[in-house]
Amino acid sequence: MIWAIIKIGWQRMLHGKLELLLTFVVPVAFFTIFAMIFDRQMGSGGKLRVRARVVDNDQTEVSKAITKTLTEEATIETLKLRDKFAGFQGTAVELSAELVRRGTISLAVIIPSGWSEATLNQHEDRPEIELFADTSNPIAPKVMAA
């Protein structure tokens, strides 16, 4: 009985050109297009790079070490903005948030002042490191977390 159903289905598929097209051609075309799209981003030996900015308002040895580690990471391209946005009226945190909103960078890591001391002394009300992330790039926060 099962073989009869399979035989009928196979014969119907062979006699319908649209069914053959939908069964064999469309999936191959679909996956080929997606492979070409994602190959341009991560293929051909290129590495995935996340554009980010680190703002260190703490300026302690611990925060400087974190900043140095992030700037030396191969998958994170840190943006230095000394000359490029010299006319911006606002703090470095506001500039970083604006750059994330504009899509210029994918992430901004903000180390608040007093963070190192509060963390090392295990204060309960310590300030948290802020992470501004562009929601159109869901991979960037995961790369930063790693």
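Phe31 is exposed in this predicted model, with a relative accessible area of 56%, which is over the 50% cut-off for that word. The protein to which Phe31 belongs has six helices and four strands, and these elements follow the pattern α-α-β-α-β-α-β-α-β-α when they are read along the sequence. The points below begin with the aromatic rings around Phe31, then take up the chain as a whole, and after that turn to helices, salt bridges and two individual loop residues.

**Aromatic rings**

- The structure holds two aromatic pairs, and one of them is formed by Phe30 and Phe31, whose rings meet edge-to-face with 5.4 Å from centre to centre and 75° between the planes.
- Phe30 is partly exposed at a relative accessible area of 46%, whereas its ring partner Phe31, at 56%, is exposed.
- Phe34 also belongs to this part of the picture, since ring pairs link Phe30, Phe31 and Phe34 into a cluster.

**The chain as a whole**

- The protein has 146 residues, and buried residues make up 25% of them.
- The accessible surface of the protein comes to about 10,800 Å², and carbon and sulfur atoms account for 60% of that area.
- If one takes the contacts between residues at least 6 apart in sequence, 62% of these contacts join residues that are at least 24 apart.

**Helix α1**

- Helix α1 covers residues 2-15, which gives it 14 residues, and it reaches 20 Å from its first C-alpha to its last, close to the 20 Å expected at 1.5 Å a residue.
- How many of the 14 residues of α1 are buried? The number is one, so this helix lies largely in the open.

**Salt bridges**

- A search of the whole structure finds three salt bridges, and one of these joins the side chains of Lys68 and Glu72, with 3.9 Å from N to O.
- Lys68 and Glu72 are four residues apart in helix α3 (residues 61-72), and they are therefore separated by about one helical turn.
- This spacing can be read with a general rule in mind, namely that an α-helix has 3.6 residues a turn, so residues three or four places apart point the same way.
- Glu72 is exposed, and its relative accessible area is 57%.
- In helix α4 (92-102), Glu98 forms a salt bridge with Arg101, the closest N and O atoms being 3.5 Å apart, and these two residues lie three residues apart, about one turn of the helix.
- Glu98 also meets the side chain of Arg102 in a salt bridge of 3.2 Å from N to O, and here the partners are four residues apart in helix α4, which again corresponds to about one helical turn.
- Salt bridges that share partners thus join Glu98, Arg101 and Arg102 into one network.
- Are the members of this network buried or exposed? Glu98 counts as partly exposed at 24% relative accessibility, while Arg101 is exposed at 61% and Arg102 is exposed at 54%.

**Ser106, a buried loop residue**

- Ser106 has its place in the loop between α4 (92-102) and β3 (107-111).
- Why does Ser106 count as buried? Its relative accessibility is 13%, and because buried means under 20%, Ser106 falls within that class.
- The side chain of Ser106 makes a polar contact with the side chain of Asn137, at 3.2 Å.
- Leaving aside residues up to four places away in sequence, Ser106 touches Val50, Arg51, Val100, Phe132, Ala133, Asp134, Asn137 and Ala140, so Asn137 appears both among these neighbours and as the polar partner of Ser106.

**Gln59, a loop residue with positive phi**

- Gln59 lies in the loop between β1 (50-56) and α3, and at 48% relative accessibility it counts as partly exposed.
- Which sign does the phi of Gln59 have? The phi of Gln59 is positive, at about 55°, although this residue is not a glycine.
- As background to that value, most residues other than glycine have a negative phi.

Conventions
Residues numbered from 1 in each chain as written. Predicted model: local features only at pLDDT ≥ 70, side-chain atom pairs only at ≥ 80, totals over all residues. Heavy atoms only, no water. Buried < 20%, exposed > 50% of the residue type's maximum accessible area, 1.4 Å probe, protein only. Polar contact = N/O pair within 3.5 Å; in protein donor to acceptor, adjacent residues only side chain to side chain. Contact = heavy atoms within 4.5 Å. Expected span 1.5 Å × (residues − 1). Areas by Shrake-Rupley, 256 points an atom, 1.4 Å probe, with all protein chains shown as cover. Phe/Tyr/Trp six-rings, centres within 6.5 Å; stacked < 30°, edge-to-face > 60°. Salt bridge = Lys/Arg side-chain N within 4 Å of Asp/Glu carboxyl O.
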